[in-house]
Amino acid sequence: MIDLLPTAFKASLSDTALDKLKNIVIEGETWLLPPLVDLCARLREPGQQQHGTLASEGQAARSNGFLHVVIPPDTNPILENGSLLKGLRERALDDGGIYLHILGALTAGLEGTHPSNIAGLKKGGCIAVSNARRPFANDLVLLRTLEYAATFGMKVFFYPDEPSLSNNGVAHEGYIASYHGLQGIPWIAETVALSTQLLMVEETGIAAHFSQLSCKSSVELMRWAKDKDLPVTCDVAMHQLYLTDDNLEGFNAQAYVLPPLRSNTDQQALHRGLKDGTIDAICSHHEPLNATAKKAPFAESTPGISNFDTFMALACQLVRDEILTLKQLVDKICLNPAKIAGINEDYASIGGAVVIDPNLEWQVTTDTMHSNGKNTPFFGQFLQGRVVETLFD
């Protein structure tokens with residue numbers, strides 16, 4: 001067994017967990033890692049329980065090694081009332097067995113016109129604030145809102161997108177979109193927004209995290225920001241590292257996600273950004289959907305990929321393909337996300353461990369997926385690598 005579990009986590013394991021660990025006998029190589037931390041997942045509750053619940057998606061997360069999950073504020077109702085968040089966290093732990101970490105709404109109602117009650121959100125235990133993928137009325141609103149958040153020492157999570165350029169598109173602007181007659185989303189829709197947001201960070205000094213970067217120019221902009229020592233971090237969604245817009249061929253709605261799957265050139269740049277440390281973390285961007293959500297024509301179907309169940313297999317592939325070392329992988333999916341979310345102390349004190357068989361081959365089917373959402377472009381495929389035991393008290 002390759003043991004990459006920090007000493008503090010070993011000390012946190014109960015006698016029952018230690019006994020279970022001693023009794024785990026798997027032929028071949030296994031990995032012992034700390035619990036996974038996900039910087040962006042939609043669990044569909046509150047407001048969209050037809051797709052998933054805190055119970056179903058929490059248990060799916062836990063079964064796949066995620067003990068800590070960050071959710072964005074664009075639920076229904078929007079997460080802008082700090083007094084209601086404690087109950088949500090308690091239900092996630094009681095029903096789903098996970099520790100929920102909440103991004104509060106940066107602007108009231110996520111409408112992008114004026115700040116939310118950031119003081120109340122901080123008091124309610126939000127780890128940061130975000131406007132999700134919702135636009136701001138203008139750049140002055142963005143600037144003043146960031147200045148306001150900075151007075152409370154709140155980190156801001158960005159999901160960069162300029163709506164006037166993405167223009168309700170559904171696929172990466174390129175040959176595949178043109179061939180299929182789909183409205184394209186140019187890469188510049190992401191980088192224009194990212195450029196503006198980085199300049200605002202430089203002006204206000206606020207700590208910021210940029211989630212789900214998808215294109216080459218975004219990686220280059222983050223290198224620039226880090227060279228200037230701006231207080232920024234970023235992540236990429238796991239599916240962006242192994243899927244491209246080629247997977248949309250034949251109007252494959254299972255590969256419809258926002259931000260869209262980009263080109264091979266963009267994917268290679270994401271790999272390089274992971275290798276050299278420009279990209280700090282990998283998130284799942286888990287978005288479970290019910291069976292009917294993907295049955296409409298491509299452009300009318302609902303974007304999203306159910307990612308908890310395939311996450312670890314793709315993570316193992318990153319190591320096999322020598323994109324990351326195993327130690328780097330642990331940094332990207334465990335340690336760095338905990339730092340970014342600001343939960344280091346809780347992460348270490350709660351502890352836990354995950355046992356992974358990187359060589360276990362399994363088929364993605366209804367029976368092998370824990371998530372309520374079966375919407376994945378990997379459905380029916382054989383993948384290699386899976387969590388075989390979670391040691392969570």
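**Salt bridges, a parallel sheet and a kinked helix**

In this predicted model, Arg-42 and Asp-74 are joined by a salt bridge whose closest N and O atoms lie 2.8 Å apart. The two partners come from distant parts of the chain, 32 residues apart, with Arg-42 in the loop between strand 3 and helix 3 (54-63) and Asp-74 in the loop between strand 4 and helix 4 (85-96). Because its relative accessibility is 13%, below the 20% limit for burial, Arg-42 counts as buried, whereas Asp-74, with a relative accessible area of 24%, is partly exposed. The contact belongs to a network in which salt bridges with shared partners join Arg-42, Asp-74 and Glu-287.

The structure holds 12 salt bridges, and two others also link parts of the chain that are distant in sequence. The side chains of Asp-276 and Arg-223 meet with an N to O distance of 2.8 Å; since Asp-276 lies in helix 11 (residues 264-276) and Arg-223 in helix 10 (residues 216-227), this pair ties together parts that are 53 residues apart in sequence. Asp-276 is partly exposed at 44% relative accessibility, and Arg-223 is likewise partly exposed at 27%. Arg-386 and Asp-309 form a further salt bridge, with their closest N and O atoms 3.6 Å apart, and here both residues are buried. Arg-386 belongs to strand 14 (residues 382-391) and Asp-309 to helix 12 (residues 308-320), a separation of 77 residues.

Turning to the sheet, eight strands form an open arrangement in the order 3-4-5-6-7-10-11-12, with parallel pairing. Strand 3 (36-38) and strand 12 (281-283) stand at the edges, and because each has a single partner strand, one side of each is left without a neighbour in the sheet. On average, neighbouring strands are turned by 30° against each other, direction ignored. At one edge, strand 11 (residues 232-237) pairs with strand 12 in the parallel sense over 3 bridges, and Ala-237 stands opposite Cys-283 of strand 12.

Helix 13 (residues 326-341) packs on this sheet, touching strands 3, 4, 7, 10, 11 and 12, and its direction makes about 50° with that of strand 3. Many of its residues are buried, among them Leu-326, Leu-329, Val-330, Ile-333 and Ile-340. Lys-332, also buried, is the centre of a kink of about 45°. At 1.5 Å a residue, the 16 residues of the helix should span 22 Å, which agrees with the 22 Å between its end C-alpha atoms. Helix 13 is followed by Gly-342, which has a positive phi near 70°.

Key
Residues numbered from 1 in each chain as written. Predicted model: local features only at pLDDT ≥ 70, side-chain atom pairs only at ≥ 80, totals over all residues. Heavy atoms only, no water. Pairing = 2+ DSSP bridges. Helix = DSSP H or I, 4+ residues; strand = E, 2+ residues; numbered from the N terminus. Axes fitted to C-alpha atoms, helices over the stretch in contact; angles between N-to-C directions. Contact = heavy atoms within 4.5 Å. Expected span 1.5 Å × (residues − 1). Bend = angle between axes of the 7 residues up to and from the residue. Buried < 20%, exposed > 50% of the residue type's maximum accessible area, 1.4 Å probe, protein only. Salt bridge = Lys/Arg side-chain N within 4 Å of Asp/Glu carboxyl O.
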